[in-house]
Amino acid sequence: MGNLLSEERTTLEQFPPETRVLVLGCGNFGTCLADHLASMGTLVTIFSRNPSVATSINESRVNSKYLPHFQLNDNVSAVSVLDETIFLSSTVVLVAIPTQNMRTFLRDVKQYIRPEHLLIFVNKGIEMATNLLPCDIVEQELGKAISDNATFLSVGPSFAVEVMARQPTAVAVASNNPARAKRAQQLFHAPHFRVYDVHDTVGVEIAGALKNVVAIAAGCCSGMGYGMNARAAIITRGLAEIARFGVALGANPLTFSGLAGVGDLFLTATSEKSRNFTVGFRIGQGEKLDDIIASLGSVSEGVPTTKAAYHLAQKLGIDAPITEQVYAVLYENKDLKEAIEDLTGREAHHELRGITH
């Protein structure tokens, strides 16, 4: 166990046979990552608040609510109640809880988390009540010693169904502790699931949050019948907007040219598989937001993130025209056509304004 807990080396090291992973959250990505790790020979326990989902996994090898068309690896077991024993028997704890529920959940399990756990977060977004990123919430609820050693997996650009199907995927992982990032990289890395370490936690997190806002905007344009020119413009200017947020928060601008930035944004803002793109598309088709959310059956983080991002931009004085117009459409019932006209009618500016000096 000494080698497992050591943070002195930043080179890749072999995980010992007793490595066990606890996945907290049984949604699409919690499930697909649990199955991915289990397929590589790791013993995985996945937690679901829903006892029927846990029973379905244990008895039928199927998550009956998420990804029901896939058989889960035999190395995955499920529980619907958490206790100290489960945490004590786990060397890795992966948190896949929606960002808006993350703070309360961490308070519930704080007593069980130990400094030696390899703590991995895969949720994206900005907390509406505080305008904070997941890494900030971790520091507030678990303390700086834990947050500095926590790792944050971009889980993008990827769709859970394609990870389950073992289709080629590449993601990024970040941590303030390079050794922990390397350990997370080694844990997940496989020929069909390549993992690259990044030394920019804030950049990875803000990119993962705001790409959902841009995806809603891109979906709105497509839903209204605009072609690829408009979508490409939204995506490219959306990336610049994300970078402005990142620079204001201390991120490295180069992060946004990588997997967590342009990679995840391109995937999310161009595919009908994206829940956030779908929300925007259906708004562009004339549907009401409440009806769309009620019918989705899964989380669209871009909706609450838009509100948090809007207020964060106001607080920090960030030029965020796409975020502002998406916010106005979602939360102020602004006419979508008017929002697009206001967006495209802005004065001309330098392309990299707010990103470079």
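**Burial, packing and backbone features of the predicted model**

At 15% relative accessibility, Leu 289 counts as buried, because burial here means under 20% relative accessible area. The model described is a predicted one. Leu 289 belongs to helix 14, which spans residues 289–296. Beyond residues up to four places away in sequence, Leu 289 touches Val 279, Ile 283, Val 303 and Leu 330. Its C-alpha atom lies 9.6 Å from that of Asn 333, a residue 44 positions away in sequence.

Asn 333 itself sits in the loop between helix 16 and helix 17 (336–344). The two residues contrast in burial. Leu 289 is buried, whereas Asn 333 is exposed at 71% relative accessibility. The backbone of Asn 333 also stands out. Its phi is positive, about 55 degrees, although Asn 333 is not a glycine.

Two of the contacts of Leu 289, Val 279 and Ile 283, are among the buried residues of helix 13. Helix 13 covers residues 275–284 and is mostly covered, with 7 of its 10 residues buried. These are Asn 276, Phe 277, Val 279, Gly 280, Arg 282, Ile 283 and Gly 284. Just after the helix, Gly 286 adopts a positive phi of about 105 degrees.

Helix 16 also takes part in a helix crossing. Two packed helices are described by the angle between their axes and the distance between the axes. The axes of helix 11 (residues 228–248) and helix 16 (residues 321–331) come within 8 Å and cross at roughly 105 degrees. Helix 11 and helix 16 are therefore roughly perpendicular to each other. Helix 11 contributes Ile 234, Arg 237, Gly 238, Glu 241, Arg 244 and Phe 245 to the contact, and helix 16 contributes Pro 321, Ile 322 and Thr 323. By class, the contact has 4 nonpolar, 2 polar and 3 charged residues.

Gly 238, in helix 11, is buried, with a relative accessible area of 0%. The C-alpha atoms of Gly 238 and Ile 322 are separated by 6.8 Å, although the residues are 84 apart along the chain. With neighbours within four places in sequence left aside, Gly 238 is in contact with Val 214, Ala 233, Leu 265 and Ile 322.

Nonpolar packing was examined next. In soluble globular proteins, nonpolar side chains tend to be buried together. The largest nonpolar core of this model has 69 residues. Leu 24, Phe 87, Leu 119, Phe 121, Ile 126, Phe 245 and Ile 283 touch the most other members. Helix 10 supplies the largest share of this core, 12 residues. Another core, of 36 residues, lies apart from it and includes Ala 34, Val 53, Val 92 and Ile 120. Leu 119, in the larger core, touches Val 93, Val 95, Ile 113, Leu 142, Ile 146, Ala 150, Thr 151 and Arg 180, residues up to four places away in sequence not being counted.

Leu 142, one of the residues that Leu 119 touches, is also buried in helix 6. In helix 6 (residues 134–142), the buried residues are Pro 134, Cys 135, Ile 137, Val 138, Glu 141 and Leu 142. They cover an arc of only 155 degrees around the axis, which puts them on the same side of helix 6. What covers them includes helix 5 (99–109), strand 5 (118–121), helix 7 (144–149), strand 6 (151–153) and helix 10 (201–223). Gly 143 follows helix 6 and has a positive phi, near 95 degrees.

The loop between strand 6 and helix 8 holds Val 155. Val 155 is buried, at 2% relative accessibility. Outside its neighbours within four places in sequence, Val 155 is in contact with Phe 29, Leu 33, Val 122, Lys 124 and Val 171. Between Val 155 and Glu 127, 28 residues apart in sequence, the C-alpha to C-alpha distance is 19 Å. Pro 157 lies in the loop between strand 6 and helix 8 (160–164). The peptide bond from Gly 156 to Pro 157 is cis, with omega near 5 degrees.

Arg 166 is found in the loop between helix 8 and strand 7 (169–175). Its phi is positive, about 60 degrees, although Arg 166 is not a glycine. Arg 166 is partly exposed, with a relative accessible area of 27%.

Technical notes: Residues are numbered from 1 along each chain as its sequence is written. This is a predicted model: local features need pLDDT of at least 70, side-chain atom pairs count only at pLDDT 80 or more; totals for chains, interfaces and linings use all residues. Side-chain values use heavy atoms; hydrogens and water are left out. Axes are lines fitted to C-alpha atoms, for helices over the stretch in contact, and angles run from 0 to 180 degrees between N-to-C directions. Helices (H or I, at least four residues) and strands (E, at least two) are DSSP runs, numbered from the N terminus. Angles under 35 degrees count as roughly parallel, over 145 as roughly antiparallel, 65 to 115 as roughly perpendicular and the rest as oblique. Contact means heavy atoms within 4.5 Å. Ala, Val, Leu, Ile, Met, Phe, Trp, Tyr, Cys and Pro count as nonpolar, Asp, Glu, Lys and Arg as charged, and the others, Gly among them, as polar. Buried means under 20% relative accessible area, exposed over 50%, partly exposed in between (1.4 Å probe, protein chains only). The arc is that of the directions from the helix axis to the C-beta atoms. A nonpolar core is a set of buried Ala, Val, Leu, Ile, Met, Phe, Trp, Tyr and Cys residues joined through side-chain atoms within 4.5 Å.
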